[in-house]
2 protein chains.
Amino acid sequence: MATIIEVAAAAGVSTATVSRVLSQPGRVAEATRAKVMEVVEALDYRPNVAARSLRTLRAAKILLTVPDISNPFFASVIRGAEEAARDAGYAVVLGDTRHDPEVEDQYAEMLSRREVDGLVFLGHRLPASLEALVARQGASAPVVNGCEYSPEIGVPSVHIDNAAGSADAIEHLVELGHREIGVITGPPISPISRDRLAGALRAAERHGLKDRLHLREGDYGADSAHRAARTLISEGVTALFCFSDEMALGAISAVGAAGLSCPDDVSVIGFDDLPLARFFHPALTTIAQPKGMIGRRAVELLVGILRGSEPAERQLTLAHELIRRASTGPAPNTR
Amino acid sequence: MATIIEVAAAAGVSTATVSRVLSQPGRVAEATRAKVMEVVEALDYRPNVAARSLRTLRAAKILLTVPDISNPFFASVIRGAEEAARDAGYAVVLGDTRHDPEVEDQYAEMLSRREVDGLVFLGHRLPASLEALVARQGASAPVVNGCEYSPEIGVPSVHIDNAAGSADAIEHLVELGHREIGVITGPPISPISRDRLAGALRAAERHGLKDRLHLREGDYGADSAHRAARTLISEGVTALFCFSDEMALGAISAVGAAGLSCPDDVSVIGFDDLPLARFFHPALTTIAQPKGMIGRRAVELLVGILRGSEPAERQLTLAHELIRRASTGPAPNTR
DNA sequence: AGTAATGATGTAAAGGATTACATTGGCAGG
DNA sequence: CCTGCCAATGTAATCCTTTACATCATTACT
């Protein structure tokens, strides 16, 4: 692989000029520029990133960690983040942490070692190795949280109003006449699960149903919801609100396995609006999140920090939407 | 951030010794090692990767590109790849190419620029910018193909026997008495779709059904299969074989939309065995791929090449398996 | 005791790009 | 024609680490 020295020699200029041609073409005479570019093409020269990043102390990369890459919800977020990063001249390094704090820390090390310029994390935990950094640098620490949001972490974040979305789901079920409603939450450490639970409780309270909510804990995966739904069905609920579409799929499967029909016997509503949700059987009613936009805005926030401009807003709340499909219907006891 | 020079000064040794303590602890006296480590801890020193990689010409990273990160099939492959990479001391940079050759090229550039040491690509196209490299270096080019396989590309690859898997699916349907079978393929540029089609045709031929196969082209996404299934159903097929589980979900949805039942009126069989497949309604019969193992083996092959050992096998064919669930049943005209 | 071998550590040269500062030459204005 | 400025380009230091080679001190052996 050719180096900048060989290019400079072949073009009859100094390395400084070659470097300038590549990074600030305007500061070089047109004739020289053309000549250098010609040689660059001929030698198929590519700047060595290690050398560049050693000198500039910047990596032109941002790290994006997701708690579970097999969750299709994150795929759309990743898409949006990648686009925004590309627009800003950054490449994205993607890390799958599998909800494992140790792996989260390993990835976060990349930031400490300057392998990447910043971090967008979609989980709910700030990796331990970054706590000191965030405490020290505050708002100018190159770390942004997406999807989840915990005020105590102290980093900017992008998310929807989870409590409001959750309340909308409950309102929808109540409107359909449901009174015995099962709620399959996420793990209690997850702030968005807590927010959604709070929203659901508040909405239920408005209708005097607070104590009739049947709560069960899930882990956002279909399996856990399948199990939870089984017992909820035996408790006689007529509707199930799941904190993720995957769990809704597991719940629908449990309804079928119990010999019941969704939505005739049991309505099911999810959360996220996965691309596949409309192909579920029955098509899934759910609370849609603006997934791509969450990713995009999170990266834009991070890039703003990296550029040194103080972000206008440190917390971005995007709009959610109730998508009515076929998995919810009137409560069976309604007449 | 402390540098190795500061550490050396604080520990009263040379930078060479510090470097050795970190990379080859055995070559240093125990007392010195302890002393240096103490300072390393105290100063929270982390080697600068840019400098290291500049000096060693290695990045300790491998690039993994997937054609579509929102396809959960790849998630499991990615998991396996990451594990194997970690075991071998490499980090994984993940790229989502969205089937876009331009994006594929952009990622491949990372290899040319030595930002990564090698590439595992899960698509079916060798990025154009790497053709020269592969032609020049042949088997020692640090490039491996996973899932897909085209002999003409000339790089090692890991995959299942797609033709055989596909034949198994057809055999299963024929065994159940189906004669009018719809097949929803992938795009014809995809070699695995071609292989699966060939396998399906061969199996059909064995039963004299070659000309009764109803072929339609899909794109592995649920949408395309939903549309294709609609017309196939109107043609009177009693079974649908889809080249991906996502398409099978789309097909099942079309069966329901046509007022028919799966599997009573139309059986559906998929391909991949996504983690969610057993929660589909009905639970999906499918051809399972060893997804994690494909990722793991692909990385191991690549690491072998990077270590300079000639790979024992350049083509690895792993085992697939027919998973019988509820979406396939006896043909309705069977008695 | 002298020599060889071994082990521990130090010295200093890369590795490739960027950029502050220096230099050159041309041109405008007086 | 001289001065001063500007644009274009060059010089060389710098970023931080690894590692071949050199050095020195021990130990083992004859």
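In this predicted model, a polar backbone atom of A:A51 lies 3.4 Å from a base nitrogen of DNA strand C, a polar contact being a pair of N or O atoms within 3.5 Å (within protein, one must be able to donate a hydrogen and the other to accept it, and residues adjacent in sequence count only if both atoms are side-chain atoms). Chain B reaches a base nitrogen of the strand as well, through a polar side-chain atom of B:R20 at 2.9 Å. The backbone of the DNA is also met: an N or O atom in the side chain of B:T17 is 2.6 Å from a phosphate oxygen of DNA strand C.

The elements giving two or more residues to this surface are α2 (15-23) and α4 (49-56) of chain A, together with α2 (15-23) and α4 (49-56) of chain B; helices are DSSP runs of H or I with at least four residues, numbered from the N terminus. The largest share, 5 residues, is supplied by α4(A). Around DNA strand C there are 27 residues, of which A:I4, A:Y45, A:R52, B:T17 and B:T32 come nearest, where near means a heavy atom within 4 Å.

Turning to the two protein copies, a turn of 180° and a shift of 0.0 Å along the axis lay chain B on chain A with an RMSD of 0.1 Å (least squares on C-alpha atoms of residues with pLDDT of at least 70 in both). This is the relation of a two-fold axis. The C-alpha of B:A50, 2.3 Å from the axis, is the nearest to it in chain B.

Residues are numbered from 1 along each chain as its sequence is written, and chains are lettered from A and ligands numbered from 1 in the order written. For this predicted model, local features need pLDDT of at least 70 and side-chain atom pairs count only at pLDDT 80 or more, while totals for chains, interfaces and linings use all residues, and side-chain values use heavy atoms, leaving out hydrogens and water.
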